[in-house]
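Work through the exercises below with the model open. Each task is followed by a stepwise solution.

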Amino acid sequence: MTIFDPMMWLIAFRSLFQHRIRTSLLGGAIAVVTALLVALAGIYVGMKETLLVSATTLMSGHVNVAGFYKSTASSSSPVVTQYKQLMEIVRRDVKDLDYVVQRGRGWAKLISDSGSMQVGIGGIDIANEPGFLKVVNLKSGSLDDLKRPDGLLLFEEQAKKLDVKVGDRLTFSAPTYKGTNNTIDVTVVAIAGNIGMLSSWNTFMNDQGLRKLYQLNDETTGALQIYLKDLSKLRPVQEGLRKSFAEAGFELLDNDPRPFWMKFDGVNRESWTGQKLDITNWEDETAFVQWFVTILTVAATTLIFVLTVIIGVGIMNVMWISIRERTREIGTLRAVGMQRRSVLAMFVTEGFLLGLMGTGLGVLIGGALTAALNAAAIQLPKGAQLVLMSEKLIVTPTPGWIVFAIGFITGAITLISIIPSFRAARLKPVTAMSHVG
Amino acid sequence: MNAIVSIRDVVKEYQLGTTVVQALRGVSLEVQKGEFLSIAGPSGSGKTTLLNLIGCVDTATRGVVEVAGKDTAKLSERELTDLRLNTIGFIFQSFNLVSVLTLFQNVEFPLLLQRKLGAKERRDKVMQLLEQVGLHTHAKHRPSELSGGQRQRVAVARALVTDPLLVLADEPTANLDSTTGNQIIDLMKTLNQQKGTTFIFSTHDHKVMQHANAVIRLADGKVLERVSAREAVEHALSLGEAPQAEARA
Ligand SMILES: Nc1ncnc2c1ncn2[C@@H]1O[C@H](COP(=O)(O)OP(=O)(O)OP(=O)(O)O)[C@@H](O)[C@H]1O
Ligand SMILES: [Mg+2]
């Protein structure tokens, strides 16, 4: 008799049913571990995706084409001249392109009636940024008003610090790349919910307004943010663009996987002048937050592992008890003509079935837990908000992780059940039959 | 060669701590095909031990045990299991049915192990046997819903479903009242006569013994004698047991 015989499954199922209480306890424990695994995986994926979406939309795109313009050897500006031509090349040569946008970059003093602060500025062409609306959680005002040349978006934290609300007028003051100081007046048109550390130091304003502040021409911007349909193509796209730009006569910096603001010192020490391009991807630009995801992964994996071991030991014990109770039955079946390997298969089937039912239940509980967590829209702790660029905990269940949870835990339980089953199968039939208790 | 069981100079020793218990001390005997043989003897005389050796669920310390022409000492564990499955049927003192299976499934079980018959043939075979033991109406019941006598009848059906050459029964009536016990022995006897299946059963009840063709009398791990049922009953009675009203010679 093999595991393909329905009788094997029938015996396993009925034996589990006969010991309902024990089965429920064990199955419950397995379900809890599975549910935890599913929920933790959901949190992990959710965080990673939140980070990905926020970081790429707000800061980098999937692939980022930035660069430095140096009028003298020791003074660099983080700008890209001739961006329209670059955009053409991107649209022509990137096969997996979803869309591409340009984003101005600035660093200026923002002055209100009651105070001032040094902030970064993203110059945004809101009409062409569909993703931006999804990531930014508008609290008051209108994102559409960023189409006004003097439109400014602040985050709640900044608005509070400067004591301003939608409609208030502020002043930006910044040194232009030509060396003189310039100021422009701006109007707060939107206030958004905080998004991680970004909300403490970055603002967004109309890209034309930003050009006016820095007295830049229409062909100049801070960076191109390229969005791909398939994220696994990051490297080839980067490689391809390096080639395309070089062929079109653009100079490029050596590949350097660091965020742009860490590169000024190095660039200023080099002797060249003029424009050089720098191609990075979102992981480079957000490397400083990736460690958080890594720690989270390690912690979650450890937790799951420890839980699985604890549950595993419990299961092993219960299997021993179950097999001891059924020693006489084993002896009988062996006497009647059941082979050792069939006895082994019979108990392993039982372990497998228990694992499958437990994990199945666990996935349901995990799903419910996920839904509940999302519905509760739990506020993330401040520290987590900073790195994840999200205010709320977002849990994203994925089929891959669910299949993994079922497979991994059921597999572990089945493996564990082999040991006592093997002992049972090896007993002499007569020894097994004369067993008392 | 008509001997289905042939045992020569068999010794079985058990290690009990530091002492060695000899359960069988040089037993030799032959059982012919079609016999309805009883093994009798006082408690501790070695009846169970002998049946276990014949049934290939235990191995002799010394001596030769041949079943269906095969020297069991030379068979692997797997071959012994196959021999049990295909050649030997077991009826146990305490029935030993699988509690989670229905009567039908209990009887069907050895056929599933054999993998010889299709579902329909298995069904017919099982139902035919359940009918023979008078339990075809209870096919879907679980053993726990039956009386002891009914359970033992299921065990008889299970032992016979594979058409074994040899059926072994260790005190099959010990857990039953005497009327039910007699019914079980009658049932076994009928099957013995209809199918020619060899039966070896142990008992120390002379009312059960008297149904046998022959009785092997064991004492202290040795075969005393092989006698007719009548002689065995007379011997038992001479030991001072009062004759029972329903005892038949
Ligand atoms: N597993 C064992 N370990 C040690 N000694 C054993 C074992 N099984 C049987 N014996 C001993 O072997 C001898 C024969 O036992 P056996 O069970 O064969 O007798 P029996 O004739 O079947 O007795 P009963 O009528 O009480 O069933 C006894 O002395 C018994 O104590
Ligand atoms: Mg006995």
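Domain bounds here come from an automatic or database domain assignment. The model is predicted.

**Exercise 1.** State how chain A is divided and how far apart the C-alpha centres of its domains lie.

*Solution.* Step 1: domain 1 of chain A covers 6–54 + 289–433, and domain 2 covers 61–284. Step 2: the C-alpha centres of these two domains are 48 Å apart.

**Exercise 2.** Decide whether A:Thr57 is buried or exposed.

*Solution.* Step 1: locate the residue; A:Thr57 sits in helix α2 (residues 20–60) of chain A. Step 2: buried means under 20% relative accessible area. Step 3: A:Thr57 has 5% relative accessibility, so this residue counts as buried. Step 4: list its contacts, leaving out residues up to four places away in sequence; among them are A:Arg103, A:Glu129, A:Phe132 and A:Tyr227.

**Exercise 3.** Describe the contact between chain A and chain B.

*Solution.* Step 1: count residues; chain A gives 25 and chain B gives 29. Step 2: take the area; about 2,500 Å² is buried between the chains, with 58% from carbon and sulfur atoms. Step 3: find the main contributors; A:Met7, A:Arg14 and A:Val336 supply 23% of the area that chain A buries against chain B, more than any other three residues.

**Exercise 4.** Find the polar links across this interface and the helices of chain A that take part.

*Solution.* Step 1: there are four salt bridges between chain A and chain B. Step 2: one of them joins B:Glu77 to A:Arg340, with the closest N and O atoms 3.9 Å apart. Step 3: α1, α12, α13 and α16 of chain A each supply at least two residues to the side that touches chain B. Step 4: the largest share, seven residues, comes from α12(A).

Note on methods
Residues numbered from 1 in each chain as written. Chains lettered and ligands numbered in written order. Predicted model: local features only at pLDDT ≥ 70, side-chain atom pairs only at ≥ 80, totals over all residues. Heavy atoms only, no water. Helix = DSSP H or I, 4+ residues; strand = E, 2+ residues; numbered from the N terminus. Buried < 20%, exposed > 50% of the residue type's maximum accessible area, 1.4 Å probe, protein only. Contact = heavy atoms within 4.5 Å. Buried area = accessible area lost by both parts, 1.4 Å probe. Salt bridge = Lys/Arg side-chain N within 4 Å of Asp/Glu carboxyl O. Polar contact = N/O pair within 3.5 Å; in protein donor to acceptor, adjacent residues only side chain to side chain.
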